[in-house]
Amino acid sequence: MKSRAPTLRSRGGFSLVEMVISLGLSSLVIAVFYGTVANLQRNYREQRDTRMAEESLRTAEQILRTVLQSAGADPLLTGQAGLNPDPFNTGSFDNIRIRSDFNPPDGSFNDMLEDVRVRVVADSLMVQWTGSGGLQALVFPVRSIQFEYFDDTGTLITNAANVGLAKSVRLTISAPESPVSNVLRSRQTWVFLQNRR
């Protein structure tokens, strides 16, 4: 009998070239996946910040509308009700104090919502709910509020001494689109002062 020489069989596995190609393709798939995830996260943050700015604008508008609509309520004719367009002496109509007697009408202005001051400090809408209370941060972010007062003919009142003649207020509220953005979203609304004679 003849002896046979052992034959070499090829082993299963990857060659070096196949390994480099598979690593390259894997890296490409991971990079695409990472880019997609990063894009989704950025879009989520932008949508969250936009939603937060819109909610802040709506909340601030609702609070200011409610407070302004009660301005001047004085059923017992005490003469103490009124609207001060610049209680913090900023030289601008960007803050307000509203005195009203309605909660309940008792001749006193010490009840909740009867002596309200509002201003913006450090992107927060600050509200003082009673004459003896302190300012509290209520809505964030709010960059600015601006009040424009109009008489019964629709003429803009520019002098603080004549604001007592106002029948309506145009309120503009702005909020940053994101905490690090200088891009502002604004909301403008009209409020008619129901208790003004």
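This report describes the fold, the two sheets and the aromatic pairs of one protein chain.

The structure is a predicted model, in which local features require pLDDT of at least 70 and side-chain atom pairs count only at pLDDT 80 or more, while totals for chains, interfaces and linings use all residues. Residues are numbered from 1 along each chain as its sequence is written, and side-chain values use heavy atoms, with hydrogens and water left out.

**Overall form**

One helix and nine strands make up the secondary structure of the chain, where helices (H or I, at least four residues) and strands (E, at least two) are DSSP runs numbered from the N terminus. Their succession from the N terminus is α-β-β-β-β-β-β-β-β-β. The radius of gyration is 32 Å, whereas a compact globule of 197 residues would have one near 16 Å; the value is taken over C-alpha atoms, and the globule rule is 2.2 Å times the number of residues to the power 0.38. Along the principal axes, the C-alpha atoms fill a box of roughly 130 × 35 × 25 Å.

Of the 197 residues, 33% are buried (under 20% relative accessible area; exposed is over 50%, partly exposed in between, with a 1.4 Å probe and protein chains only). Among contacts (heavy atoms within 4.5 Å) with a separation of 6 or more, 48% are between residues 24 or more positions apart.

**The five-stranded sheet**

Five strands form an open antiparallel sheet in the order E1-E2-E3-E4-E5; strands pair if DSSP finds at least two bridges between them. Strand E1 (82-84) and strand E5 (136-139) are the edges, each pairing on one side only. On average, neighbouring strands here are turned by 25° against each other, direction ignored. Strands E2 (residues 96-99) and E3 (residues 115-121) run antiparallel and are joined by four bridges, with Ile-96 opposite Val-118 in E3. Helix H1 packs on this sheet, touching E1, E2, E3, strand E4 (124-128) and E5, and its direction makes about 115° with that of E5. Such angles run from 0 to 180 degrees between N-to-C directions, the axes being lines fitted to C-alpha atoms, for helices over the stretch in contact.

**The four-stranded sheet**

A further open sheet has four strands in the order E7-E6-E8-E9, again with antiparallel pairing. Its edges are strand E7 (156-157) and strand E9 (184-192), each of which pairs on one side only. Nine bridges join E8 (residues 168-176) to E9 in the antiparallel sense, and Val-169 stands opposite Val-191 in E9. Helix H1 (residues 16-69) also lies across strand E6 (144-150), E8 and E9, at about 20° to E9.

**Aromatic pairs**

The whole structure contains three aromatic pairs. Rings of Phe, Tyr and Trp (its six-membered ring) pair if their centres lie within 6.5 Å; planes under 30 degrees apart count as stacked, over 60 as edge-to-face and the rest as tilted. Two of the pairs are tabulated here.

| Pair | Centre distance | Plane angle | Class |
|---|---|---|---|
| Phe-147 and Tyr-149 | 6.4 Å | 15° | stacked |
| Phe-150 and Trp-190 | 4.9 Å | 45° | tilted |

The tilted pair links distant parts of the chain, since Phe-150 lies in strand E6 and Trp-190 in strand E9, 40 residues apart. Phe-150 is buried, with a relative accessible area of 8%, whereas Trp-190 is partly exposed at 36%. Phe-147 and Tyr-149 are both buried, and ring pairs link them with Phe-93 into a cluster.
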